[in-house]
Amino acid sequence: MNFGVLLFGLVGIITLLGMAAALGLRKLRLLTGDEQEVRAMALEAALGAQVREVAVDADRRAALALLADGRVFAVRTLGDRLVQRAFAPQAISKMLRVRPKGAGVAVRIAFADWGFPSLLLRFERAEPPPWMERLRRAAAA
Amino acid sequence: MQTPEHLPDLVALAAPAFIALIGIELLIVRLTGRGAYEVRDMGASLGMGLGNGVLKILAGGLGAGAFYWVSQYKLFEIPWAWWSLALCFLAEDLAYYWFHRISHESRYFWASHVIHHSSQHYNLSTALRQTWTGSIACTFIFWLPLPLIGFPVEMIFLFSGFSLVYQFWIHTELIGKLGPLEWVLNTPSHHRVHHATNPQYLDRNYAGVLIIWDRLFGSFETEIEPPRYGILSNLATFNPLRIATHEWVAIGRDLLSARSLTQAIGYVFGPPGWSRDGSRQTSAAVKAAALARRAA
């Protein structure tokens, strides 16, 4: 292996990415927006844990659920796939209200997991759901 | 047989074929709807492959240096001959099997290897989603017995390169089962099982070229139900730096929470998913839970 081969590889990668994009292989899977979808995913992933509350991003790119055992269940889109993870409450490292690009209010939630970047949930109303506000205050404490 | 003066770098020679075959697979996937590609996932995989190449140039000398150092103490003088080539091929493939198996069973080695499993897709680009930290983490130690036995270092490199090139084509959903070859060779079907997170498929089929090692050491599983690809805690990012380092960061966090040396050792060298309070699941626990559910 030498830098010439790597340069050739870089040109090849750029060509392949262009080709894939031209073939329409840049895909985005969105959530349906239905809370039941998130509840079903949480039930399967968290092995039967009861789901207390669910919040789905207005743009259908992320969702957050509060489980009866105190854990939170996070879902986000990643290309044409969904990624889901159950976190202990102490794994929420930051939870901030932010100004969204669209209408309403948004909450950004960061987790102590380098492989799971922060979630952004936008709500088309003046306030996020009350349970998320409680979670935010607990994370800030 | 004379000692060859110059041996080809098989991986570098194969690079144009890798790119061409990914292009062909892209077209087939688009035209037939079989298999799956997503641009950013592919970009992440190929970016990881490129980064692996850079780090091999920068840190690959560590492994080579260790091989040459160990070869000073070799037990036998093994010449270049047809029989030594055959033996070296088998020995390299066996070393790969144990490197691969332990890379799934011990979190220290998993932290480098998890990168290769971190895509939820399974296509030829996934083959190039390779570690950035393997050389630094000294994963080459699994091959050190070979120069110690007396195999020439260049011969070992020849077969490790061959193994890497061989394993490229098995990362595809477009090829089904291959009849009698399934008994001897690691095939696309066997390797799909290896990349799957279905409980019965977890930690199975570690082979490089020959599947016989899995049959011999009890880690073989045949492909029956459709595989679901990825890892138990899938990554939510296409960022190559996060992909390359996420498990090392997680190990660091866990070490900070460890309350004893035993716990620290468990977090670093225990099976992936081990935790001091049992709040996470290892592959073995996931398999056991799935079996219990099936039995209930």
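# Helix packing and chain contacts

User: In which helix is the place of B:Leu21?
Analyst: The structure discussed here is a predicted model. In it, B:Leu21 falls among residues 10-32 of chain B. The element covering that stretch is helix H1 of chain B.

User: Is B:Leu21 buried, partly exposed or exposed?
Analyst: A residue is buried with 20 or more other C-beta atoms within 10 Å, and exposed with 12 or fewer. B:Leu21 has 16 C-beta neighbours inside 10 Å, so its class is partly exposed.
In sequence, B:Leu21 and B:Ser125 are 104 residues apart. Returning to its burial, B:Leu21 is partly exposed.

User: How far apart in space are the C-alpha atoms of B:Leu21 and B:Ser125?
Analyst: Along the sequence the pair is separated by 104 residues. In space, C-alpha to C-alpha, the separation is 9.5 Å.

User: What distance separates the C-alpha atoms of B:Leu27 and B:Arg215?
Analyst: B:Leu27 also has its place in helix H1 of chain B. With 12 other C-beta atoms within 10 Å, B:Leu27 is exposed. B:Leu27 and B:Arg215 are 188 residues apart along the chain, and their C-alpha atoms are separated by 35 Å.

User: How are H1(A) and H2(B) oriented to each other?
Analyst: Helix H1 of chain A spans residues 3-22 and helix H2 of chain B spans residues 39-71. Their axes come within 10 Å and cross at roughly 180°. Angles over 145 degrees count as roughly antiparallel. The two helices are therefore roughly antiparallel.

User: How many nonpolar residues does the contact of H1(A) with H2(B) have?
Analyst: The H1(A) side includes A:Leu6, A:Gly9, A:Ile13 and A:Leu17, and the H2(B) side includes B:Met42, B:Leu46, B:Leu50 and B:Ile57. By class, this contact has no charged residues and three polar ones; its nonpolar residues number 14.

User: Which element gives the largest share of the side of chain A that touches chain B?
Analyst: Across the two chains, 31 residues of chain A are in contact with 34 residues of chain B. H1, strand S3 (72-78) and strand S4 (81-87) of chain A each give two or more residues to this side of chain A. By class, that side has 20 nonpolar, five polar and six charged residues. The largest share, 13 residues, comes from H1(A).

User: What is the distance between the end C-alpha atoms of H1(A)?
Analyst: H1(A) has 20 residues, and at 1.5 Å a residue they should span 28 Å. The model agrees with this expectation, because the end C-alpha atoms are separated by 28 Å.

User: How wide an arc do the buried residues of H1(A) cover around the axis?
Analyst: The buried residues of H1(A) are A:Gly9, A:Ile13, A:Leu16 and A:Ala20. Their arc puts them on the same side of H1(A). The face turned away from that side carries exposed residues, including A:Leu7, A:Val11, A:Ile14 and A:Gly18. Around the axis, the buried residues cover an arc of only 70°.

User: Which helices of chain B are included in what covers the buried residues of H1(A)?
Analyst: A:Gly9 and A:Ile13 are among the buried residues of H1(A), and both also belong to its contact with H2(B). The cover of the buried residues includes chain B helices H1 and H2.

User: How are H3(B) and H4(B) oriented to each other?
Analyst: The axes of H3(B) and H4(B), the latter at residues 107-117, are 6 Å apart. B:Ile102, B:Ser103 and B:His104 in H3(B) meet B:Phe109, B:Trp110 and B:His113 in H4(B). The helices pack at an angle of about 105°, and angles of 65 to 115 degrees count as roughly perpendicular. H3(B) and H4(B) are therefore roughly perpendicular.

User: What phi does A:Arg60 take?
Analyst: A:Arg60 is found in the loop between strand S1 (51-56) and strand S2 (62-67) of chain A. With 16 C-beta neighbours inside 10 Å, A:Arg60 counts as partly exposed. Most residues other than glycine have a negative phi. A:Arg60, however, has a positive phi, near 60°.

User: What phi does B:Asp203 take?
Analyst: The loop between helix H9 (188-194) and helix H10 (212-217) of chain B holds B:Asp203. B:Asp203 counts as partly exposed, with 18 C-beta neighbours inside 10 Å. Its phi is positive in a residue other than glycine, with a value near 55°.

Terms used
Residues numbered from 1 in each chain as written. Chains lettered and ligands numbered in written order. Predicted model: local features only at pLDDT ≥ 70, side-chain atom pairs only at ≥ 80, totals over all residues. Axes fitted to C-alpha atoms, helices over the stretch in contact; angles between N-to-C directions. Helix = DSSP H or I, 4+ residues; strand = E, 2+ residues; numbered from the N terminus. Parallel < 35°, antiparallel > 145°, perpendicular 65-115°, else oblique. Contact = placed C-beta atoms within 7 Å. Nonpolar A, V, L, I, M, F, W, Y, C, P; charged D, E, K, R; others polar. Expected span 1.5 Å × (residues − 1). Arc of directions from axis to C-beta.
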